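I opened this model at my desk to see how its pieces fit together. Here are my notes, in the order I looked things up.

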Amino acid sequence: MEHVDVVILGAGAAGMFCAIEAGRRGRRVLVIDHAKAAGEKIRISGGGRCNFTNLGIAADRFLSRNPRFALSALKRYTQWDFIARLDAEGIAWHEKTLGQLFCDGSATQVVQMLLRDMERAGVQLWLGCAPGEVKAVPGGFSVATDRGPVVAEKVVVATGGKSIPKMGASAFGYHLAERFGLSVTETRPALVPLTFAEQELAKLAPLAGVAVQGRVTAGRKSFDEAVLFTHRGLSGPAILQISSYWREGEPIRLDLAPGHDMVANLRAARGAEPKVAARTVLARYLPEKLARHIEAGAGIAQPVGALSNAAIEGLAAGVRAWDLKPVGTEGYRTAEVTLGGVDTDGLDARTLEAKSVPGLHFIGEVVDVTGWLGGYNFQWAWSSGWAAGQAV
Ligand SMILES: Cc1cc2nc3c(=O)[nH]c(=O)nc-3n(C[C@H](O)[C@H](O)[C@H](O)COP(=O)(O)OP(=O)(O)OC[C@H]3O[C@@H](n4cnc5c(N)ncnc54)[C@H](O)[C@@H]3O)c2cc1C
């Protein structure tokens, strides 16, 4: 039987970060993961460059039943702390857009840094090892594993969400929380492409490959980022962002030329250059393929000079207010994160410890804290891992 101070379930971003902190404090730490390699999601993140944090960390960039819950950890271990860590390692980075920071080189640099720090902190790592039942025992917990039982004073659950099951994602953490009497809020795929019924898809599919800087709105939430038309529906950053807010049965609205008064632009063209095709005017604000599609969709064949006010308004609406009704999402197969999770009401914001189960902590994505696209989810993993690492 293995005896340690702290056993951490999950060698992802949060689990590794927590292990380093606890190990540096002199705790005997064992990290267990059923995957063959640690930090696999870090490795593939950000297109292989890892969008490791965001300069604009704030409560309104996170979804949770209690969005302020995350602030305690986020303020104690900030984006600047993580940036300083990369700088100290000589890992070069750059800001891509909207405060999103990426490695100049490869995401594996971050994984290697974490593995090195774990080793230096004396952390043991068991990969390819499946944890089973976790039971409370006098003085701590016993964790069944396929290498025999492990007894520890503290258990940290860092098994992440359900997205990308092919990479080893599982609902282990949620079930464990429930077995210990904690509540888990509804989980659903987020940061995920939206899908459409056949009839609507038939209208979108010819545009596959087109990308446009647009605004997408669901309910009262809007995002101004790129929208990408695909063979399966809609994707791109704006769509991934809105997927966290969209609910089944609701429409979304695409504005393909935000900030442009298309009625005024088309009217001006009608007066100044009446022989020009409507699509030519639209193509000043949109990709050509999209301009043609909207012109055809509005049933317009005549030049802009022959358009009635009503026809101009119809065309402008096609550009600025394209209403669509998604039927679903691509699901956990492609979702970047899982919305919902272990209810923050049951956790101490400072230590991430379950209020009703002393010694049991939940960190990272398994908690009901979900960030926007753009490095927010990794910052939550670092910050929550750091906070628990000071406490276990
Ligand atoms: C394709 C993709 C790209 C992404 N890009 C970014 C990005 O650029 N920036 C960003 O901020 N976020 C990004 N994310 C989200 C980010 O990866 C996660 O939010 C983050 O990894 C969560 O960290 P975590 O440690 O909580 O969970 P994870 O990193 O998912 O780690 C959980 C670990 O637990 C292990 N595990 C699961 N179940 C079990 C079990 N039953 N037994 C043992 N071990 C188990 C897993 O093998 C895994 O190693 C991306 C996600 C995906 C899928």
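**Entry 1: H9 and H12.** I started with how helix H9 (residues 262-272) and helix H12 (residues 309-320) lie against each other: their angle is about 135°, and their axes are 9 Å apart. Angles over 145 degrees would count as roughly antiparallel, so I noted H9 and H12 as oblique to each other. Their crossing is right-handed. I should add that this is a predicted model.

Next I listed who meets whom. From H9 I wrote down Met-262, Val-263, Leu-266 and Arg-267. Their partners in H12 are Ile-312, Glu-313, Leu-315, Ala-316, Val-319 and Arg-320. Sorted by class, the contact of H9 with H12 has seven nonpolar and three charged residues, with no polar ones.

**Entry 2: H1 and its two partners.** I moved on to helix H1 (13-24) and looked at H13 beside it. H1 and H13 pack at an angle of about 30°, with 7 Å between their axes. Angles under 35 degrees count as roughly parallel, and H1 and H13 are therefore roughly parallel to each other. I noted a right-handed crossing for H1 and H13.

The contact list here took me a while to copy. H1 brings Ala-13, Ala-14, Gly-15, Phe-17, Cys-18, Ile-20, Glu-21 and Ala-22. H13 answers with Phe-378, Ala-381, Trp-382, Ser-384, Gly-385, Trp-386, Ala-388, Gly-389 and Gln-390. By class, the contact of H1 with H13 has 11 nonpolar residues, five polar and one charged.

Then I checked H1 against helix H5 (residues 108-120). The angle between H1 and H5 is about 30° and their axes are 9 Å apart, which makes H1 roughly parallel to H5. H1 passes H5 in a left-handed crossing. On the H1 side I found Met-16, Phe-17, Ala-19, Ile-20 and Gly-23; on the H5 side, Leu-114, Asp-117 and Met-118. The contact of H1 with H5 has six nonpolar, one polar and one charged residues by class.

**Entry 3: around the ligand.** Which residues come nearest to the ligand? Of the 37 residues around the ligand, I wrote down Gly-10, Gly-12, Ser-45, Gly-160 and Gly-364 as the nearest. H1 turned up again here: H1, helix H2 (40-44) and helix H13 (376-391) each supply at least two residues of the shell. H13 gives the largest share of the shell, four residues. By class, I have 17 nonpolar, 15 polar and five charged residues in the shell around the ligand.

**Entry 4: the three-stranded sheet.** I then turned to an open sheet of three strands, in the order E3-E6-E5, with antiparallel pairing. Its edge strands are E3 (51-54) and E5 (93-95), each of which pairs on one side only. From one strand to the next, the twist averages 30°. Helix H4 (residues 79-89) packs on this sheet and touches E3 and E5; the direction of H4 makes about 140° with that of E3. Within the sheet, three bridges join E5 to strand E6 (residues 100-103), and Trp-93 stands opposite Cys-103 in E6.

**Entry 5: two hairpins in a row.** How many bridges pair strand E8 (residues 131-137) with strand E9 (residues 140-145)? I found five, in the antiparallel sense. Val-137 stands opposite Gly-140 in E9. There are two residues between the strands of this hairpin, and Gly-139 takes a positive phi near 85°.

E9 goes on to pair with strand E10 (residues 150-157), antiparallel and over three bridges. Here Val-143 stands opposite Val-150 in E10. The hairpin of E9 and E10 has four residues between the strands, and Gly-148 has a positive phi near 100°.

**Entry 6: the seven-stranded sheet.** Last on my list was an open, antiparallel sheet of seven strands, in the order E17-E16-E13-E14-E15-E12-E18. The edge strands, each pairing on one side only, are E17 (322-324) and E18 (328-329). Inside the sheet I checked one pair, strand E14 (residues 221-229) with strand E15 (residues 233-235), antiparallel over two bridges. In that pair, Leu-228 stands opposite Ser-235 in E15.

Technical notes:
Residues numbered from 1 in each chain as written. Predicted model: local features only at pLDDT ≥ 70, side-chain atom pairs only at ≥ 80, totals over all residues. Pairing = 2+ DSSP bridges. Axes fitted to C-alpha atoms, helices over the stretch in contact; angles between N-to-C directions. Contact = placed C-beta atoms within 7 Å. Near = placed C-beta within 6 Å. Nonpolar A, V, L, I, M, F, W, Y, C, P; charged D, E, K, R; others polar. Parallel < 35°, antiparallel > 145°, perpendicular 65-115°, else oblique. Left-handed = near helix turned anticlockwise from the far one by under 90°.
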